[in-house]
Amino acid sequence: MKNAIDLTGKVALITGGGGGIGEGICRVFDACGATVVAHDISDEIAKNAVRAVGPQIHTVSGDITVEKNVEVIVDTVMAAHERIDVLVNNAGVPDAGQDILKVRYPDWRWVVDVNFAAPYLLSHAVARKCMVPNRSGVILNTASITGLRTLKGGETAYSASKAALVSLTRKLALEWGEFGIRVNAVAPGAINAGFLKNAALEYNEQVQEEDLLQMIPLDRLGEPEDVGWAFAFLACDLAGYITGEVLTVNGGFGI
Ligand SMILES: NC(=O)c1ccc[n+]([C@@H]2O[C@H](COP(=O)([O-])OP(=O)(O)OC[C@H]3O[C@@H](n4cnc5c(N)ncnc54)[C@H](O)[C@@H]3O)[C@@H](O)[C@H]2O)c1
């Protein structure tokens, strides 16, 4: 059966595509017919998307907190594919620990740079070089439920950076609508990937699945593809009149 969500002919650049939720977005976009360019901080990590999804996935790499790198990334994709129809700002990092008083400023700043400044740099470069001249395009941001409501316990830079990303989503939707550019965000809840698995190990802090499930009416963690399908819908022409929105994908967390 052909997918109702059809991304055939669209070139999609997906940051943080080398793992976790990003890999799920790559998988879904590929299934919907998009030309997928998976980005990550190194070529080796970006190639995870090729290993996971297939040889048809293209890759590009670079630290997106560096403005020069962002220009090179966008130029590289444009040179290879002539345009970028969909940008998914998905790369992100969690806070370096739960206790606000112990988090050092450089670590706090890094979270804000990756989660908030980098999506701005990428959106700006893609709009300037491609979407505004073409008078069309879709920019999508991976926000988080913690950017929409404040939860107790850590995630100080993280939740602030995601709230700022939601604000940026609305602002760019407002400013760039006249160019035919739609800007939306997806706010995942607890997804069984990336942060949720790694952060607990990295910072030696226990993320208890049973505790999370008590707050999730659908009684399961989300999968990367759950998030991917929401992005695919917002990327496709069926969502052609939707901009400046945040779609939560959280199994009913906190309703
Ligand atoms: N996992 C969850 O439960 C959850 C919930 C809500 C939101 N999110 C968001 O989803 C997105 C993906 O997270 P994930 O859980 O899949 O984690 P992840 O660590 O698997 O993926 C993040 C990716 O971003 C890349 N990245 C980080 N810093 C970068 C930089 N400076 N330049 C280039 N690439 C960089 C990493 O290499 C990694 O591949 C993030 O924005 C995160 O905030 C995750």
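This presentation walks through the fold and the ligand surroundings of one structure, a predicted model.

Two points of procedure come before the description. Residue numbers start from 1 along each chain as its sequence is written. As the model is predicted, local features need pLDDT of at least 70 and side-chain atom pairs count only at pLDDT 80 or more, while totals for chains, interfaces and linings use all residues.

I begin with the sheet. Helices (H or I, at least four residues) and strands (E, at least two) are DSSP runs, numbered from the N terminus. Two strands are said to pair if DSSP finds at least two bridges between them. On that basis, seven strands make an open sheet in the order 3-2-1-4-5-6-7, with parallel pairing. Strand 3 (58–61) and strand 7 (246–249) stand at the edges with a single partner strand each, so one side of each has no neighbour in the sheet. From one strand to the next, the twist averages 20°. For angles, axes are lines fitted to C-alpha atoms, for helices over the stretch in contact, and the values run from 0 to 180 degrees between N-to-C directions.

Let us now follow the pairings across the sheet. Strand 2 and strand 3 run parallel and are joined by four bridges; within strand 3, Val-60 is the bridge partner of His-39. The chain crosses from strand 2 to strand 3 through helix 2 (residues 43–53), and this β-α-β crossover is right-handed. By right-handed I mean that, with the strands pointing away from the viewer, the path from the first strand over the helix to the second runs clockwise.

Moving inward, strand 1 (residues 11–14) and strand 4 (residues 86–89) run parallel and are joined by three bridges. Leu-13 stands opposite Leu-87 of strand 4. Strand 4 also pairs with strand 5 in the parallel sense, over four bridges, and Asn-141 in strand 5 is the bridge partner of Asn-89. A right-handed β-α-β unit is made by strand 4, helix 4 (residues 105–134) and strand 5. Strand 5 is in turn joined to strand 6, again in parallel, by six bridges. Here Thr-142 has Val-186 in strand 6 as its bridge partner. The crossover from strand 5 through helix 5 to strand 6 is a right-handed β-α-β one.

How much of strand 5 is buried? A residue is buried if 20 or more other C-beta atoms lie within 10 Å of its own, exposed if 12 or fewer, and partly exposed in between, with C-beta atoms placed from the backbone. Six of the six residues of strand 5 are buried, so this strand is largely enclosed by the rest of the structure. In a regular strand, side chains alternate between the two faces of the sheet. In strand 5 both faces are covered, with Gly-137, Ile-139 and Asn-141 buried on one side and Val-138, Leu-140 and Thr-142 on the other. Strand 3 likewise has both faces covered: His-58 and Val-60 are buried on one side, Thr-59 and Ser-61 on the other.

One helix residue illustrates packing against this region. Ile-73 lies in helix 3 and counts as buried, because it has 24 C-beta neighbours inside 10 Å. Leaving aside residues up to four places away in sequence, Ile-73 touches His-39, Val-60 and Gly-62; contact requires C-beta atoms, placed from the backbone, to lie within 7 Å.

Two loop residues deserve mention for their backbone. Glu-82, in the loop between helix 3 and strand 4, has a phi near 75°, a positive value in a residue other than glycine. Asp-219, in the loop between helix 7 (209–213) and helix 8 (224–235), is not a glycine either, yet has a positive phi of about 60°. Glu-82 counts as exposed, because it has 9 C-beta neighbours inside 10 Å. Asp-219 counts as exposed on the strength of 9 C-beta neighbours inside 10 Å.

I close with the ligand. Which residues come nearest to it? Of the 27 residues around the ligand, they are Gly-16, Gly-20, Ala-91, Gly-92 and Gly-194; a residue is near if its C-beta atom, placed from the backbone, lies within 6 Å. Helix 1 (20–31) and helix 6 (194–202) are the elements that give two or more residues to this shell. Helix 6 gives the most, with four residues. By character, the shell divides into 13 nonpolar, twelve polar and two charged residues. In this division Ala, Val, Leu, Ile, Met, Phe, Trp, Tyr, Cys and Pro count as nonpolar, Asp, Glu, Lys and Arg as charged, and the others, Gly among them, as polar.

Terms used
Contact = placed C-beta atoms within 7 Å.
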